[in-house]
Amino acid sequence: MEPEGYFLNWQQDPQANYLARLVFPEKTGELKITVDLVAEMAVINPFDFFLEPRAETIPFDYEEWQTAELAPYLQKLPETPEFRKWMATIDRKETPSVDFLVAVNQSLADRIDYLIRMEPGVQTPEETLKKGSGSCRDSTWLLVQTLRHLGLAARFVSGYLIQLKADQKALDGPSGAEEDFTDLHAWCEVFLPGAGWVGLDPTSGLFAGEGHIPLACSPDPSSAAPITGMVEESGVEFEHQMSVQRIWEAPRVTKPYTEDQWQRIVGLGHEVDQRLTELDVRLTQGGEPTFVANHDRDEPEWNTEAMGPTKRKKAIELYHRMRDRYGAGGLVHFGQGKWYPGEPLPRWSLNCYWRKDGEPLWHDERWLADERIAGKATPEAAHRFLQGLAKQLGVDEKQLFPAFEDAFYYLWRERRLPVNVDPFDAKLENALERQQLQQIFSRGLDEPVGYVLPLRVSEKEQAWETGPWFLRSERCYLIPGGSPMGHRLPLDSQPWVEEADYPWIHEQDPFAPRGPLPASEEIRQWNSRGQSGQVSPERAPPKKESRHRRLSAPPCAWSPGRAFFVFLCRRWKSWSLTLPWFPPSRKPPKSFSSRSCSRGMSHPRITG
């Protein structure tokens, strides 16, 4: 405090606020007050409280003894025209107390524009409503009077507001202060039985948090002013400055280390990399970060349930953002992921493959389905696609055949339902089963699910070839289930062959030297000319494994939900075709197979 030579007495006002009373015996040309405050900015949850049962909904009544003690905080100003109109907009029906206060606070924040007002005093609620603007103290006094007219005890709070720059910017919505910031501020507190005084900030429309540091709480704004007193008539020049400085920061998830610590960690990492290189140690690493929605994060789908109404939509949105950022021109593959015990279906897996050298694998984004947009594909479109594929590859399209749901199984399943339940009835306990039966019976058991084209690379002619599939029934009936049709083909009905006759493919050693991938334009030229190439699967003596093997890996075309999907049914250790990696030609391009591509590829995956 300057100047020195004053008398200081600490005391408390009627509301128990601490006051410093100073008397200056001599005249002075300057009054300088410096406040140095150290505060722990630990994050607090403003909703971390319990209400008494009678106060869980608004309106409620205080007990008689509370009404007497809270009398100063229940005093109301007379209603004025604009204030009466404002009160008429508030819904008075019985509402959970917290929801009601949130709605009133946000409504007032939306209606009153914030401005910095240097004039002394506080506007009346009528004046603030007429202007539609005011400082923090004006909005606070309006909220205090609003709550009192609703029968709630409310008080005026004066103090500091500290806003710190967030460690990470928000994905959507405001990210807060761009720099650490502090200033004088005013807000309101309402008394709720069981919780006590709860802070509401009408400037932001939020509940008061750790950044709201109260200095004085009072029934009236005039008794919460930071400085009051008497002085002789004189000229005044007023200057006010505030600053905030971080003294110490606790390690946390969003900022676990200081910048110096990060540099030391990075330096250690470079040393480890150098040692590994010198010792010729080669490591592979994988990881599966878990993502949670920034809204409704307490819903079961983000905590305990495998699926939910928004999880896949959010995942697809994240997938496309990551693909645009890291894998532009990459290959999109949506398939199945892990299958956890007790779950009826495997989780889904959204994959993107791109070349590390930046060469595109996919050129025309128009042919990529987007589940966020309703499609118009039909089973007939799937049929036409495989017909065109067969023609382009120079194979017999007569080997193309439709696949159907197993009519006998689903008719039996329908007969087992209770007499008062049909497949469209919500009484079925298993939601996944209910949805599956509804889709199947809505489409009809005589309608094809999709189409199949057996396909492989000829060993002798090094070209694509097809052939008949031998089925036990006249039709291809899929294995019952909810997976895509490529996972439900009746492979067990295919002819049995000896292990020695099975066309084994042995994966190449991931650490074996590999040449560079051809340029994207070079691959396109191959296909435009239909240039022949060579794919030479290596053979090795068969291991002692099951003798039931399949000879074909058919591409399938399927159109669930009006979106068109093309996928390859790959059986374990069966033939693998890399159709999506280049446009179809009559013969596969030279030295371009799945076994030669993994070294030059990157692969992120999002799983559900």
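Author: A crossing of two helices is left-handed if the near helix is turned anticlockwise from the far one by less than a right angle, and right-handed if the turn is clockwise. The model discussed here is predicted.

Reader: Is the crossing of helix 3 and helix 5 left-handed or right-handed?
Author: Helix 3 covers residues 97–111 and helix 5 covers residues 136–149, and their axes are 11 Å apart. The term to apply depends on the sense of the turn, clockwise or anticlockwise. For helix 3 and helix 5 the crossing is right-handed.

Reader: Which residues of helix 3 and helix 5 make the contact?
Author: On the side of helix 5, the contact is made by Ser 139, Leu 142, Leu 143, Thr 146 and Leu 147. Helix 3 contributes Leu 101, Val 104, Asn 105 and Leu 108.

Reader: Are helix 3 and helix 5 roughly parallel or oblique to each other?
Author: The two helices pack at an angle of about 140°. Roughly parallel requires an angle under 35 degrees, roughly antiparallel one over 145, and roughly perpendicular one from 65 to 115. The angle fits none of these classes, so helix 3 and helix 5 are oblique.

Reader: How many helices and strands does the secondary structure of the protein chain come to?
Author: The protein chain has 608 residues, of which 36% count as buried. Its secondary structure comes to eleven helices and 22 strands.

Reader: How many salt bridges does the structure hold?
Author: Side chains of opposite charge can pair when their charged atoms come close. Some of these pairs join up: Asp 180, Arg 246, Glu 249 and Lys 255 are linked in a network of salt bridges. The number of salt bridges in the structure is 20.

Reader: Does Arg 355 count as buried or exposed?
Author: Arg 355 meets Asp 357 in a salt bridge, at 2.8 Å from N to O. Asp 357 has a relative accessible area of 48% and is therefore partly exposed. The relative accessibility of Arg 355 is 3%, and buried means under 20%, so Arg 355 is buried.

Reader: What does Arg 366 count as, at 66% relative accessibility?
Author: Arg 366 shares a salt bridge with Asp 364, with N and O 2.7 Å apart. Asp 364 has a relative accessibility of 24% and counts as partly exposed. The cut-off for exposed is over 50%. At 66%, Arg 366 is therefore exposed.

Reader: How far apart in space are Arg 54 and Pro 193, C-alpha to C-alpha?
Author: Arg 54 sits in the loop between strand 2 (18–23) and strand 3 (57–58), and its side chain meets that of Glu 52 in a salt bridge. Among the residues that Arg 54 touches are Phe 60, Tyr 62 and Pro 193. Arg 54 and Pro 193 are separated by 139 residues in sequence, yet their C-alpha atoms are apart by 8.4 Å.

Reader: Which side chain of opposite charge is nearest to Glu 301?
Author: Glu 301 belongs to the loop between helix 6 (259–278) and helix 7 (311–326). Glu 301 is buried and has no salt bridge. A salt bridge needs nitrogen and oxygen within 4 Å. At 6.0 Å away, the nearest side chain of opposite charge is Lys 311.

Reader: By what distance are the C-alpha atoms of Phe 401 and Gly 450 separated?
Author: Phe 401 is in strand 14 (residues 401–404) and counts as buried, at 13% relative accessibility. Its contacts include Gly 450, Trp 469 and Cys 476. Phe 401 and Gly 450 are 49 residues apart along the chain, and the distance between their C-alpha atoms is 8.8 Å.

Reader: What is the phi of Ala 16?
Author: Most residues other than glycine have a negative phi. Ala 16 is in the loop between strand 1 and strand 2 and is partly exposed at 45% relative accessibility. Ala 16 is not a glycine, but its phi is positive, at about 75°.

Reader: Which residue does a cis peptide bond join to Ile 58?
Author: Most peptide bonds are trans. One cis bond runs from Glu 2 to Pro 3, with omega near 5°. At another cis bond omega is about 10°, and there Ile 58 is joined to Pro 59.

Notes:
Residues numbered from 1 in each chain as written. Predicted model: local features only at pLDDT ≥ 70, side-chain atom pairs only at ≥ 80, totals over all residues. Heavy atoms only, no water. Helix = DSSP H or I, 4+ residues; strand = E, 2+ residues; numbered from the N terminus. Buried < 20%, exposed > 50% of the residue type's maximum accessible area, 1.4 Å probe, protein only. Lys, Arg positive; Asp, Glu negative; His and termini not counted. Axes fitted to C-alpha atoms, helices over the stretch in contact; angles between N-to-C directions. Contact = heavy atoms within 4.5 Å. Lists of a residue's contacts leave out its neighbours within four places in sequence.
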